[in-house]
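Colleague: Please take a close look at one part of this model, the packing of its aromatic rings, and work outwards from there. I would like one connected account that a first-year student can follow.

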Amino acid sequence: MQEIDLKEFEWNIVVRPLSIDDFPAMVEMQQKCFPDMHPWSREQVESQLKHFPEGQIGIECDGKLVASSSSLVLRYDEQTEWHNYKKMSDSGYIRNHVPDGDTLYGIEIMVDPEYRGMRLSRRLYDERKELCRQRNLARIMIGGRIPGYGKYADAMSAREYVERVMDKSLYDPVLTAQLANGFALQGLIPDYLASDHESRGYATFLEWKNLDYRSGKRKRFHRSVEPVRIGAVQYQMRPVADFDEFARQSQYFVDVAGDYKCDFLLFPELFTTQLLSCIEPDRPGQAARKLADFTPQYLEFFTEMAVKYDTNIIGGSQFVVEDDALYNVSFFFGRDGTIGRQSKLHITPSERRWWGVTGGDTFEIFETDCGPISIQVCYDVEFPELGRMAAAQGANLIFVPYNTDSRAAYLRVRSCAAARCVENHVYCAIAGCTGNLPFVENADVHYAQTAILTPSDVMFARDGISGEANPNIETVIIQDVDLELLRRHRETGSVQNWRDRRTDFYRLRYRRGDQWNEI
C-alpha cells in the first residue's frame with residue numbers, strides 16, 4: 001500500500017474578508033437563506049466593503065462561500081433607534097459607519113442551508129468578538145430574526161415564543177444560536193423587517209459585552225491571560241459491532257468538547273483497537289494490518305468531527321500500512337479541515353514483537369490557531385530529546401496519547417510527561433484507555449488516569465496538575481491553561497531550566513528534513 005494522501009480527506013475551511021468577487025455567491029446564499037427577502041444589490045455590497053471592509057467576513061469550504069457576516073461600527077447612545085433596521089444599516093449601504101465608534105452593529109449573518117450543523121455561525125460570532133477586542137469596542141448589538149415564530153404565531157405571542165426559546169422548550173434556528181454565543185436579550189422589536197414573513201416582522205434586540213473593553217483607550221487592551229481550553233478523553237474499551245458504533249461512541253466525546261468550546265480534544269493511543277472486536281480473529285500481526293483497513297473511514301470521520309464541532313482533535317492513533325510496513329500514527333485534525341500526522345518514533349518491545357510495528361522517521365510540529373503543538377505517542381514522551389526539540393521549535397503544548405496495561409506502565413508515561421513540563425516550560429496533556437477487550441491479544445487489559453500537567457512552580461496548580469481524572473473510569477476532563485503564564489514562567493520562574501542549560505558542555509543535535517540543527 002502506498003503512502004496515504006491526506007489531501008484526499010481534508011476539508012479546506014477558511015475564514016477570510018469578503019470581496020466584491022463574492023457578490024454572486026452572496027446573492028445565491030441569501031436567496032437560499034431568506035427566500036422571501038430581497039437580496040443585497042451590488043451597490044450595497046460595494047458600499048459595505050468601501051466603508052468597513054474589516055466588518056465583512058466570509059467562510060469558504062473547499063473554495064465555496066458557505067457563510068458570511070456583515071456589520072458596521074456606531075457610537076452607542078441610549079436614544080439611538082436600535083430597533084430601526086433600515087436606519088441603523090443605512091438601508092444596507094452603511095454610509096453611517098463611525099470609525100471611532102464604540103459599538104459593533106451586526107446587520108446580517110447567513111449560513112448556506114447545506115452547511116448548517118457545522119457551527120459556522122459560531123465562527124462568525126467569534127470573528128466579530130475578536131474584532132471588538134482588536135478595535136477596543138465596548139459591545140456588539142444585533143437585531144436578530146426569529147424565523148421559527150411563524151409556525152407558532154397563531155398559538156402564542158412573539159413574547160411567549162421568545163420566552164419559550166430562552167427556557168429551551170422551543171428551538172429557533174437564529175435566536176438559539178445567538179444565546180449560545182453569549183448574547184443577552186435586551187428586548188423584542190416589532191416591525192423590524194416587514195418582508196420577514198417567517199418572523200412575522202419581529203426581531204430580538206441582543207447585546208454582547210466586551211469584557212476587555214477599556215474606556216478612553218483606542219488601542220487594544222493587552223490581555224494578561226491567553227487561555228487555551230483542552231479536553232482529554234479517558235476512553236473505555238468495549239466490543240463494538242462495526243465502525244458506526246465506534247463512531248457514535250467517539251462522537252459523544254467530540255460533542256461534549258464542542259459544547260464546552262474546547263480548543264483541543266485528545267483521544268488515547270490505539271483506541272481504535274476496539275474495532276478488532278468486530279473482525280475475524282487472527283494472529284496479532286495480521287489483525288493489526290486488518291485494523292489499518294479502517295483508516296480511510298477513520299480519517300473521513302474525524303475530519304468531519306473537527307470541522308462540525310469547531311475543535312482541533314488529536315485522534316489518538318491508528319495503524320497505517322505503507323509500503324508494506326506497519327506504522328502507529330497519530331493524526332491531527334484541525335478545525336479548519338486540515339490533517340497532519342505524527343508517526344510513533346520509538347517502538348516498544350511488545351509492539352515490535354506482537355504487531356511488527358515500524359518506527360517513523362520524522363518529528364512534526366503542528367501549527368494551530370492556538371500556536372505550535374507537538375504530539376508524542378506514549379513511549380515517545382519517555383525520551384527527553386523530543387521535548388527539547390518541541391520547545392526549541394516553539395511548542396507550548398505537548399499531547400501524549402498513550403495505551404498502557406498496568407499502573408507501572410502508566411506511571412512511566414505520566415512521570416516522564418511531568419518531567420517534560422519542568423524541563424521545557426510546557427503544558428502536557430496525556431490520555432489513555434481503560435476497560436477490557438476480551439480475546440483481543442495485546443489489547444485485552446488497560447490502565448489509565450488521564451491528566452493535564454503543568455510546570456511545578458508557585459504560579460501553577462498544586463502538584464503540577466491542572467486537571468486529572470479518577471483512574472479507570474470512562475470520562476473526559478476539560479481544563480483551561482494559560483499560555484501567557486507559561487511565557488512569564490520562562491522569564492521569572494523559580495527555576496529556569498531552558499535558559500540554564502549548559503550548552504557550553506552538552507548539546508542536542510537533531511535532523512529536521514535535510515537540515516541538522518543543534519540546541
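**Rings, then sheets**

Modeller: F246 has a relative accessible area of 0%, so the residue counts as buried, the cut-off being under 20%. Before going further, note that this is a predicted model. F271 also has a relative accessibility of 0%, and F271 too counts as buried.

These two residues belong to a wider set, since the structure holds 30 aromatic pairs. In the pair of F246 and F271, the ring centres are 5.4 Å apart and the planes stand at 45 degrees. An angle under 30 degrees would count as stacked and one over 60 as edge-to-face, so this pair is called tilted. The location of the two rings is worth a moment. F246 is part of helix α7 (residues 243–259), while F271 is in the loop between β9 (264–266) and α8 (284–291). The pair therefore ties together parts that lie 25 residues apart in sequence.

A second pair makes a useful contrast. F301 and F302 form an aromatic pair with 4.8 Å from centre to centre and 75 degrees between the planes, which is edge-to-face. Both F301 and F302 are buried. They belong to helix α9, where the buried residues are T295, Y298, L299, F301, F302, T303, M305, A306 and V307. Helix α9 covers residues 295–308, which is 14 residues. From its first C-alpha to its last, α9 reaches 20 Å, close to the 20 Å expected at 1.5 Å a residue. Just after α9 comes D310, with a positive phi of about 55 degrees.

Rings can also have a charge over them. The charged end of R95 sits over the ring of Y93, at 4.6 Å from the ring centre. In a similar arrangement, the charged end of R139 sits over the ring of Y76, at 4.0 Å from the ring centre.

Now to the sheets. One of them is an open sheet of 7 strands with mixed pairing, in the order β1-β2-β3-β4-β5-β7-β6. Its edge strands, β1 and β6 (184–189), each pair on one side only. From one strand to the next, the twist averages 25 degrees.

The β1 side of this sheet can be followed residue by residue. β1 pairs with strand β2 (residues 57–61) in the antiparallel sense, over 5 bridges. Across that pairing, R16 has G58 in β2 as its bridge partner, and P17 stands opposite I57 in β2. R16 and P17 come up again with D22, which is in the loop between β1 (13–17) and α1 (23–33). Apart from its neighbours within four places in sequence, D22 is in contact with R16, P17 and L65. D22 counts as buried because its relative accessibility is 8%.

Is β2 itself enclosed or open? Of its 5 residues, 5 are buried, so β2 is largely enclosed by the rest of the structure. In a regular strand, side chains alternate between the two faces of the sheet. In β2, I57, I59 and C61 point one way, G58 and E60 point the other way, and all are buried.

On its other pairing, β2 joins strand β3 (residues 64–74), again antiparallel and over 5 bridges. Here G58 stands opposite S68 in β3. The hairpin of β2 and β3 has 2 residues between the strands, and D62 in this hairpin takes a positive phi near 50 degrees.

Another open sheet has 6 strands, in the order β14-β15-β16-β17-β19-β20, also with mixed pairing. Its edge strands are β14 (366–368) and β20 (465–468), each of which pairs on one side only. Here the twist averages 20 degrees from one strand to the next. Within this sheet, strand β15 (residues 371–375) and strand β16 (residues 397–401) run parallel and are joined by 3 bridges. I373 stands opposite L397 in β16.

Helix α12 (residues 407–424) packs on this sheet and touches β16, β17 (427–431), β19 (451–453) and β20. The direction of α12 makes about 165 degrees with that of β17.

Note on methods:
Residues numbered from 1 in each chain as written. Predicted model: local features only at pLDDT ≥ 70, side-chain atom pairs only at ≥ 80, totals over all residues. Heavy atoms only, no water. Helix = DSSP H or I, 4+ residues; strand = E, 2+ residues; numbered from the N terminus. Expected span 1.5 Å × (residues − 1). Buried < 20%, exposed > 50% of the residue type's maximum accessible area, 1.4 Å probe, protein only. Contact = heavy atoms within 4.5 Å. Phe/Tyr/Trp six-rings, centres within 6.5 Å; stacked < 30°, edge-to-face > 60°. Lys NZ or Arg CZ within 6 Å of the ring centre and 35° of its normal. Pairing = 2+ DSSP bridges. Axes fitted to C-alpha atoms, helices over the stretch in contact; angles between N-to-C directions.
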